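Subject: Handover of a structure and the findings on it

Dear colleague,

Please find below the structure that I am handing over to you. My findings follow directly after it, and I would be grateful if you could read them with the model open.

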Amino acid sequence: MPGIIFSEGSGVNNSVFGKSQEPIKLFIEKKAEAFENQSVVDKIFQMETSKHFAEKESGMTSMNGFSPVGEGGAYPKDEMREGYDKVFQHTTWKDSFAITKEMIEDASVMNMRQKPAAFVTGYYRTREQFGAALLGGAIQGLNTVNFRGTNFDVTGADRLSLFHTAHTSITGGATQSNRFTNTFDVDALGMIEERMQNAKDDNGNILGVIPDTIIIPNSHALKKAVFAAIGADKDPATANNGFNYQFGRWRVIVWAYLNQFTGAETTPYIIGSSQYNADNHGAVWYDRIALEVKSYVDENTDDNIWKGRARLSAGFNDWRAFALGGVQNGTTLA
C-alpha cells in the first residue's frame with residue numbers, strides 16, 4: 001500500500017460529493033502503488049525518512065589501524081576526524097485538481113477517473129524526473145541544476161560535482177577521479193571497476209568498493225554495448241573461447257527519464273556500488289512528509305477540490321559510490 005495520507009474537509013460527506021470520495025481515494029491508491037512498483041529512483045538513491053527541517057550527512061575518517069609494539073609496548077594513539085559534511089534541506093511540493101458538482105450530477109465517470117490518474121501520475125513522474133534531473137546535472141558536470149524554476153545542488157560533500165576529475169580529501173591527500181571519457185565496452189567497464197575498487201578514503205586507505213550496478217539512459221547503442229559486454233560467458237572482444245569475467249555480475253538499470261537531462265552527453269553510463277551507496281549515502285533521498293491528500297468543497301464554486309502536498313529532499317554525499325564513463329570532459333583510462 002502506498003504511503004499516502006488522506007484527510008477529508010468538513011462537509012464533504014454531507015454533500016453530493018460524499019459518494020465519490022472512497023472511489024477516488026481507492027483509484028489514487030491503486031495508481032500510486034503501480035507507480036511505486038516500477039520506480040527507478042529507489043533503485044539509485046538510498047531512501048530514508050526524516051523528522052527534521054533538514055538532514056546533515058557527515059562521516060569520520062578511518063583510523064590507521066593496529067601497529068606492532070613488541071612485548072610490554074605502549075598503546076599507540078590512533079586518531080580520526082570528521083570528514084566532509086552535506087546538509088539536505090527539504091522542499092515542499094504541491095498540486096491540486098477539482099471535481100465539479102456537474103461531473104457528479106451527470107455521472108461523468110471518465111473525468112472522475114482521468115483527473116485523479118493525472119494527479120497521481122504527475123506526482124510520481126515528478127519524483128522520477130527530479131531524481132533524473134539531479135543525476136543528469138551531475139553527468140553534465142554541474143554544481144547546481146534547475147528543475148521547474150528552482151536550483152538544486154548536485155555536488156557531493158566535498159563541494160564538487162558528483163562526477164569530477166579531482167575529488168579532494170579533507171586531510172589534504174591526493175585527488176581522485178570518478179569521471180572518465182572511455183566509451184563503454186568490456187575493457188572500459190573493467191578499468192572503471194578497478195578504479196572504484198581502488199578508491200581511497202580521506203586517510204588514504206583503500207575502501208574495497210564493490211561495483212555491481214550499471215545505469216544508462218534509454219539508448220539502443222548503450223544497451224547493445226552493455227549486454228554485449230556482460231551478457232555472454234565468453235570473451236565478447238574476440239572469437240576465442242576465453243571466459244568473460246564480467247558475465248553474470250551486474251544489475252543493469254535503463255532509465256528513460258535520464259534521457260531528458262544529460263545535455264550534450266549522448267552516451268554516458270554510470271557504474272555504481274549498491275552496498276557502498278547504502279552504507280555511505282552516495283545518493284540519498286529523504287521523504288520528510290509523504291504525499292498528503294485532502295479534499296473539501298469550495299463554497300464559491302461548489303467544486304470538490306483535491307490537494308496534494310509532500311516534503312522531500314535528495315542529492316549526493318559520497319562520490320565513491322559511483323563512477324561515470326562515456327563523457328566528453330574526464331579522465332581517459334588506458
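The lining of the largest cavity in this predicted model is made up of four nonpolar residues, one polar residue and one charged residue. The residues concerned are W93, Y123, T126, R127, F130 and L312. Helix 4 supplies the largest share of this lining, with four residues. The volume of the largest cavity is about 50 Å³, and a search of the whole structure returns one cavity of 30 Å³ or more. As general background, empty space is revealed by rolling a probe the size of a water molecule over the atoms.

The second largest pocket has a volume of about 300 Å³. Its lining comprises 16 residues, of which E36, M47, Y124, R127 and D287 are the closest to the centre of the pocket. Two or more lining residues come from each of helix 2 (41-44), strand 2 (46-49), helix 4 and strand 11 (283-297). By character, the lining of this pocket divides into six nonpolar, four polar and six charged residues. R127 deserves a second look, since this residue appears in the lining of the largest cavity and is also among the residues closest to the centre of the second largest pocket.

Two further residues of helix 4 may interest you. The first to consider is E128, which is located in helix 4. Which side chain of opposite charge is nearest to E128, and how far away is it? The nearest is that of R127, at 6.1 Å, and E128 is buried without a salt bridge. Leaving aside residues up to four places away in sequence, E128 is in contact with S39, V40, V41, W255 and Y257.

Q129 also belongs to helix 4, which spans residues 109-139. Is Q129 buried or exposed? Q129 counts as buried because its relative accessibility is 10%, and the limit for a buried residue is under 20%. With residues up to four places away in sequence again set aside, Q129 touches F147, R148, Y257, Q260 and F261. Y257 is therefore a contact of Q129 as well as of E128, given that contact means heavy atoms within 4.5 Å.

One of the residues touched by Q129 is R148, which has a backbone feature of its own. Although R148 is not a glycine, its phi is positive, at about 55°. R148 sits in the loop between strand 6 (144-147) and strand 7 (150-153). With a relative accessibility of 54%, R148 counts as exposed.

D302 is another residue other than glycine with a positive phi, here near 65°. Its place is the loop between strand 11 and strand 12 (304-316). D302 is partly exposed, because its relative accessible area is 36%. For context, a negative phi is found in most residues other than glycine.

Finally, some totals for the chain. The chain contains seven helices and 13 strands. Of its 334 residues, 44% are buried. Among contacts between residues at least 6 apart in sequence, 73% join residues at least 24 apart.

Yours sincerely

Key: Residues numbered from 1 in each chain as written. Predicted model: local features only at pLDDT ≥ 70, side-chain atom pairs only at ≥ 80, totals over all residues. Heavy atoms only, no water. Buried < 20%, exposed > 50% of the residue type's maximum accessible area, 1.4 Å probe, protein only. 1 Å grid on protein atoms, 1.4 Å probe; cavity = no way out; pocket = protein on both sides within 12 Å on 5 of 7 lines; lining within 4 Å. Points joined across faces, edges and corners; volume = space filled by probe spheres on them. Nonpolar A, V, L, I, M, F, W, Y, C, P; charged D, E, K, R; others polar. Lys, Arg positive; Asp, Glu negative; His and termini not counted. Salt bridge = Lys/Arg side-chain N within 4 Å of Asp/Glu carboxyl O.
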